[in-house]
Amino acid sequence: MSQPRLLLCPPTHFGVEYIINPWMAGQVGRADVARAHAQWAALRERLASCAVVETVAPGAGLPDMPFTANAGLVHGDRFVPSRFRHAERRGEEALFSAWFAARGYAVRPLPDGLAFEGAGDALFDRAAERLWFGHGHRSDLAAAAALEALTGVETVPLRLTDPRYYHLDTCLCPLRDGWLLYYPDAFDAAGRATIEARVDADRRIAVSAEQAAAFACNAVDLGDRLVVHRADADLAGRLAVAGYAVVETPLDEFIKAGGSAKCLTLRLDEPPAAQRRAAVPSERAA
């Protein structure tokens, strides 16, 4: 089995310089930059032990660019770039698109006017042919239908209601073999019902409010390892039942900006092997 491929961005210009989510409130100018660099380096080291890690050059004046999950969505040879809701992050769009174009990906933007924040809100299921899609804070609901038309993958919208969990990857993590790690209270009643209709009860790992606030769902799935800022004994035990060994790596400096392990990575080998079909044509540039 080939190793996962991940895109990271060094935190050269990282800091909390504005407020676009609740985690940033009270943190402007308070990030310990040296500590953030050390935490990012430790994360990269842990990821590189079982994944291929690539990097994109950071852009000056773009302190949130290390959160590469929001760059866009990879689907085979295609890259669907984000269109950020907040002006503070829009400078990242051209840099990420240029990185993918230079490596032969076909860059396929969604229709004009749709807010879409990439793999922060669009997460491939690791077993079923399904794309979970979060909306309500950053990405527009209409982007779900546009993604389904582009990818041919069933796209399942879930409305996010808690502003602290403003991206889907802060409150839901699809795991292998149909398991799902999630924080139910981040979704409206219809969203919870949608999840329950598609994932068996014995495959749902629901986290508590305290576990969610430690960004337990913002995890990087690397086969039999789950890389996360923190998972308490209760959660680690439940993940072990699903076949995962938890790898903790402190990322509290990045949590000041509203992100953790998953936010700091973008999967380049999407969709998962279980979803890849020969019928999807290659669009990689010659």
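Two strands count as paired here if DSSP finds at least two bridges between them. With that in hand, here are some close-ups of this predicted model.

**View 1. Strands S13 and S14 run side by side.** Strand S13 (residues 225-228) and strand S14 (residues 245-248) pair up in the parallel sense, with four bridges linking them. For one spot to look at, find leucine 226, which sits opposite valine 246 in S14. To get from S13 to S14, the chain goes through helix H6 (residues 233-241), making a right-handed β-α-β crossover.

**View 2. The largest cavity.** How many cavities of 30 Å³ or more are there? The count is two, and the largest has a volume of about 270 Å³. Its lining takes 22 residues, and those closest to the centre are Leu123, Arg126, Lys262, Arg267 and Glu270.

**View 3. What the largest cavity's wall is made of.** Several strands chip in at least two lining residues each: S3 (72-75), S6 (122-124), S9 (172-174), S12 (220-221) and S15 (266-267). Sorted by class, the lining of this largest cavity has 15 nonpolar residues, six charged ones and one polar one.

**View 4. The second largest cavity.** This one has a volume of about 60 Å³. Which residues line the second largest cavity? Going along the chain, they are Ile20, Asn21, Asp64, Phe67, Asn70, Arg89, Arg138, Tyr166, His167 and Ala257. By class, that lining splits into four nonpolar, three polar and three charged residues.

Conventions
Residues numbered from 1 in each chain as written. Predicted model: local features only at pLDDT ≥ 70, side-chain atom pairs only at ≥ 80, totals over all residues. Heavy atoms only, no water. 1 Å grid on protein atoms, 1.4 Å probe; cavity = no way out; pocket = protein on both sides within 12 Å on 5 of 7 lines; lining within 4 Å. Points joined across faces, edges and corners; volume = space filled by probe spheres on them. Nonpolar A, V, L, I, M, F, W, Y, C, P; charged D, E, K, R; others polar. Right-handed = clockwise from strand over helix to strand, strands pointing away.
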